[in-house]
Amino acid sequence: MTTVSIAAHYDSRAATYDGHTPYHTNLANLFVEYAKPVQNDSILDLACGTGLVTSAMLPHVVDEHGNFHKGQRIIGVDVSRGMLEVARSKGDRRVEFVEGDIGDLSSIPKLDGLQYSFDIVTICSALVLFPAEKLGDLMKHWASYLKPSGRLVVDVPTTSAMLRLRALSEIFPSLGLSMMGDRRWIKTPDSLGKLLDEAGLETDVATVDHDDRDLMRTLPARTKVLGRWKKEGNGVLMRQI
């Protein structure tokens, strides 16, 4: 999938993304629990979408008066203009939302000179949108924006989640079709840890149970199919139960 097609896909979902299901909000809250942000942390939220992760992080990093420490910042980056419009409409001017391709952060002027500046870099629900063969280099690229003690927090579906989407991703290439996201590289629960290890990062991988806060029961697994004639068709709406 190109960045243009990904942007168009999420532009079309932006208006209803937050309210369609509690899944995305629940997952953002789990990111907070896992990342453990503290007061004065600076955060770079990649593929920030409608700002759910930044909104969940914000109360934990501001001071008792709701203010930032000198030099502290929270920046959200996304390729979808529609998703960013929703994020900005929430009215919190303490967060800077920037349009750009997270696959090349050096192309984003707002991030010039900010390597090694962030305590936490997050990528929620977006890792599978990138080709598996590029993920190792991308991990190193994203990690270069962390302070030496910083944390990179990412997620992928487990091997037992979204099984129908996983099956489709195996079948579609033989039919000349492509779909949003690539889960084929996630072979075992250790696949993500191995990827991070190969990128030279110290890792701590946790698995969220399907019943944890009903997280997986609120998952809307949607995909659009791109056919051999490049005509875009409607995908199917599936729910993990």
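Both faces of strand E2 are covered in this predicted model. Ile-74, Gly-76 and Asp-78 lie on one side and are buried. Ile-75 and Val-77 lie on the other side and are buried as well. The strand spans residues 74-78. Five of its five residues are buried, so E2 is largely enclosed by the rest of the structure.

E2 pairs with a strand on either hand. Strand E1, residues 43-46, runs parallel to E2 and is joined to it by four bridges. Within this pairing, Leu-44 has Ile-75 as its bridge partner. Asp-45 is bridged to Gly-76 of E2. From E1 the chain passes through helix H4, residues 52-61, before it reaches E2. This β-α-β crossover is right-handed. Strand E3 also pairs with E2 in the parallel sense, over five bridges. Here Asp-78 has Glu-99 as its bridge partner. The chain goes from E2 to E3 by way of helix H5, and this β-α-β crossover is right-handed too.

Asp-78 deserves a separate description. The residue belongs to E2. Its relative accessibility is 8%, which is under the 20% limit, so Asp-78 counts as buried. Several parts of the chain meet at this residue. Beyond its neighbours within four places in sequence, Asp-78 is in contact with Ala-47, Cys-48 and Gly-49, among others. Its contacts also include Met-83 and Leu-84. Val-98, Glu-99 and Gly-100 are further contacts of Asp-78. Of these, Glu-99 is the bridge partner in E3. A second aspartate, Asp-45, is 33 residues away in sequence. The C-alpha atoms of Asp-78 and Asp-45 are 8.7 Å apart.

Helix H5 covers residues 81-89. Gly-82, Met-83, Leu-84 and Ala-87 of this helix are buried. Two of these, Met-83 and Leu-84, are contacts of Asp-78. The cover over the buried residues of H5 includes helix H1 (3-13) and helix H2 (17-20). Strands E2 and E3 (95-99) also contribute to that cover. Just after the helix, Gly-91 adopts a positive phi of about 85°.

Strand E1 is likewise covered on both faces. Ile-43 and Asp-45 are buried on one side, and Leu-44 and Leu-46 are buried on the other. Besides E2, E1 pairs with strand E4, residues 118-123. That pairing is parallel and has four bridges. Asp-45 stands opposite Thr-122 of E4. Leu-46 has Ile-123 of E4 as its bridge partner. Helix H4 packs on the sheet and touches E1, E2, E3 and E4. The direction of H4 makes about 170° with that of E1.

These strands belong to an open sheet of five, in the order E3-E2-E1-E4-E5, with parallel pairing. E3 and E5 (146-154) stand at the edges. Each has a single partner strand, so one side of each is left without a neighbour in the sheet. The twist from one strand to the next averages 15°.

The largest nonpolar core has 61 residues. Leu-44 and Trp-142 have the most contacts inside it. Leu-44 is a buried residue of E1. Trp-142 reaches several separate parts of the chain. Leaving aside neighbours within four places in sequence, its contacts include Leu-46, Ile-102 and Leu-105. Val-121, Ile-123 and Leu-127 are also in contact with Trp-142. So are Phe-130 and Leu-152.

A helix pair was examined next. Two packed helices are described by the angle between their axes and the distance between the axes. For helix H6 (residues 135-143) and helix H8 (residues 191-198), the axes come within 8 Å and cross at roughly 65°. The crossing is right-handed. In H6, the residues that meet H8 are Leu-135, Gly-136, Met-139 and Lys-140. Their counterparts in H8 are Leu-192, Leu-195, Leu-196 and Glu-198.

Overall, the secondary structure comprises eight helices and 10 strands. Of the 241 residues in the protein, 48% are buried. Among contacts with a separation of 6 or more, 71% join residues 24 or more positions apart.

Note on methods:
Residues numbered from 1 in each chain as written. Predicted model: local features only at pLDDT ≥ 70, side-chain atom pairs only at ≥ 80, totals over all residues. Heavy atoms only, no water. Helix = DSSP H or I, 4+ residues; strand = E, 2+ residues; numbered from the N terminus. Buried < 20%, exposed > 50% of the residue type's maximum accessible area, 1.4 Å probe, protein only. Contact = heavy atoms within 4.5 Å. Pairing = 2+ DSSP bridges. Right-handed = clockwise from strand over helix to strand, strands pointing away. Core = buried A, V, L, I, M, F, W, Y, C linked by side-chain atoms within 4.5 Å. Axes fitted to C-alpha atoms, helices over the stretch in contact; angles between N-to-C directions. Left-handed = near helix turned anticlockwise from the far one by under 90°.
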